[in-house]
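Thanks for sharing this one. Here are some notes to read alongside the coordinates, arranged by topic.

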Amino acid sequence: MATTATTATASSGGVNALKPKKLLAVVGTTENWYRLGKDMVVSTPLGEVPVEIEQATWDDITCCCYSDSGIELRLGPSKTPLCEQQKNVRRFIPDFIIVRNFCRSVGGRLGSKPDFRNTLMALYYAGIPMMNSFQALYAELERPIMYAALLSIAKRLGHNKFPLIPQIFYPDHSEMNITPSTPFVVKVSYPHAGFGKMLIQSTEDFQDLSGVIGLHKDYCTAEPFIESEYELRIIKIGNTYRAHKRMGSSWKVNAGASCREPVPMEERYKLWVDEASKIFGGLDLLALDAIVDKNGKEYILEVNGSALGLSPEHETENLIAIRDLVQQRMSELFTQKPLSPNRLETLSPSPTASSLETTIVNLKNELATALLQVEEEKAAYSQLERRLENERAKHKNPSHFIFPSIPVLLLIVIAVLIPALIVPHLFG
């Protein structure tokens with residue numbers, strides 16, 4: 001589950017409950033959790049305590065775990081620091097971790113293929129509670145594992161209620177003998193964001209790809225190609241829901257230029273994400289992607305967990321919702337509120353929960369975002385006022401006009417002294 005029963009040594013019963021609780025945000029520089037979590041507090045049996053926050057990327061984290069004394073964890077220094085403290089090495093034993101980055105990715109340079117799964121395992125070894133759960137974080141690194149969990153939902157509910165796209169899984173290239181009905185899409189290995197996807201138009205294309213896959217011993221999957229009208233993304237952050245559609249110029253809608261439009265949260269969309277939120281012990285944060293064909297038929301493609309990308313137009317309010325959910329989970333953890341084994345009672349709403357409740361939660365988040373934007377505008381206005389006052393003060397100060405600069409003074413001295421020295425010699 002997202003808040004596992006065991007906790008790190010730093011949050012054991014012997015620690016003073018009034019000491020600050022420590023939160024580690026594993027995320028890049030696109031988010032600033034120092035600012036987002038400012039003045040954050042959580043509940044404990046002895047009252048509310050502040051939360052000390054550290055932020056780091058996966059490659060900033062080094063650690064070693066001991067079964068009898070917990071984890072020794074060091075952060076930084078960061079290559080792109082957000083603040084002064086990130087320029088230094090910090091020793092930090094978190095009580096809770098929010099993971100907003102995949103620990104494994106394609107990378108950006110030849111020979112650079114970031115893979116920090118061992119670090120993720122170390123955090124789990126240390127018993128530190130995470131969001132999402134370790135099981136969910138690890139499962140979303142491999143496409144077949146996540147698809148298998150979604151397939152179990154489709155079999156239980158029926159494909160009419162959970163329309164998962166059909167798929168073929170090839171453990172290695174040697175099994176790629178029979179070509180599926182063309183055209184179809186092959187997804188190679190683990191990557192997200194459009195990497196490892198290829199549109200196959202013929203048997204010859206499939207055979208050529210099989211030879212390439214054999215070089216690296218990768219697995220792959222094959223899905224029917226759906227000529228899409230648009231792609232759906234449905235986001236669930238605790239009890240907050242949001243849906244939008246994406247339309248792009250490429251058959252890979254999430255690659256290249258695309259535009260987004262909000263869409264109403266239909267009851268079937270809510271059912272999809274509520275059911276998906278129950279897999280792997282519970283996903284507090286998730287985004288479900290689906291595709292809609294020219295006839296309006298919907299196909300569920302995949303689920304992304306806590307590393308989900310946020311659309312720019314709602315990024316601030318979604319981050320506030322994530323922060324509030326982290327605060328809630330930490331309070332539940334430290335007050336020892338009982339959680340059901342599968343967390344269904346506390347971490348996900350009933351499929352029959354009213355849409356009015358969802359609307360109220362979303363409106364509260366939008367209000368909080370608006371208030372935050374007002375404060376930012378006030379700060380910017382105050383800064384402009386101070387600059388204006390400084391400019392006025394400069395023009396009122398006559399010293400700027402009476403006293404020339406040092407170079408000008410030197411020229412004046414030279415112009416006066418040289419004639420005074422030379423003229424007497426010429427006419428003497």
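1. Let me start with Phe280, which sits in the loop linking helix H6 (267-276) to strand S16 (285-293). Its phi is positive, about 55°, although the residue is not a glycine. The side of the question you may care about is its surroundings: Phe280 is partly exposed, with a relative accessible area of 23%. Please keep in mind here and below that this is a predicted model.

2. Ser189 is another non-glycine residue with a positive phi, in this case near 60°. You will find Ser189 in the loop between S10 and strand S11 (197-200). Is Ser189 buried or exposed? Ser189 is buried, its relative accessible area being 9%.

3. Two peptide bonds deserve a look if you plan to check omega values. The bond between Thr182 and Pro183 is cis, with omega about -5°. Pro183 belongs to the loop between strand S9 (168-170) and strand S10 (184-188).

4. The other cis peptide bond I would point you to joins Met131 and Asn132, again with omega about -5°. Here the second residue is an asparagine: Asn132 lies in the loop that runs between strand S8 (130-131) and helix H3 (134-139).

5. Helix H2 (residues 117-125) makes a nice case for looking down an axis. Its buried residues are Thr119, Leu120, Ala122 and Leu123. Why do they count as being on the same side of H2? Because they cover an arc of only 155° around the axis. The face turned away from that buried side carries Asn118 and Tyr125, which are exposed.

6. What do the buried residues of H2 pack against? Their partners are strand S4 (61-66), strand S5 (70-75), strand S7 (96-99), S8 and H3. After H2 comes Gly127, whose phi is positive, near 75°.

7. A word on the cysteines, in case you are assigning bonds for a topology file. With sulfur pairs required to lie within 2.5 Å, the count is 0 disulfides. Cys63 is in no disulfide, because the nearest cysteine sulfur, that of Cys65, is 5.2 Å away. As for accessibility, Cys63 counts as partly exposed at 24%, whereas Cys220 counts as buried at 1%.

How values were computed
Residues numbered from 1 in each chain as written. Predicted model: local features only at pLDDT ≥ 70, side-chain atom pairs only at ≥ 80, totals over all residues. Heavy atoms only, no water. Helix = DSSP H or I, 4+ residues; strand = E, 2+ residues; numbered from the N terminus. Buried < 20%, exposed > 50% of the residue type's maximum accessible area, 1.4 Å probe, protein only. Arc of directions from axis to C-beta. Contact = heavy atoms within 4.5 Å.
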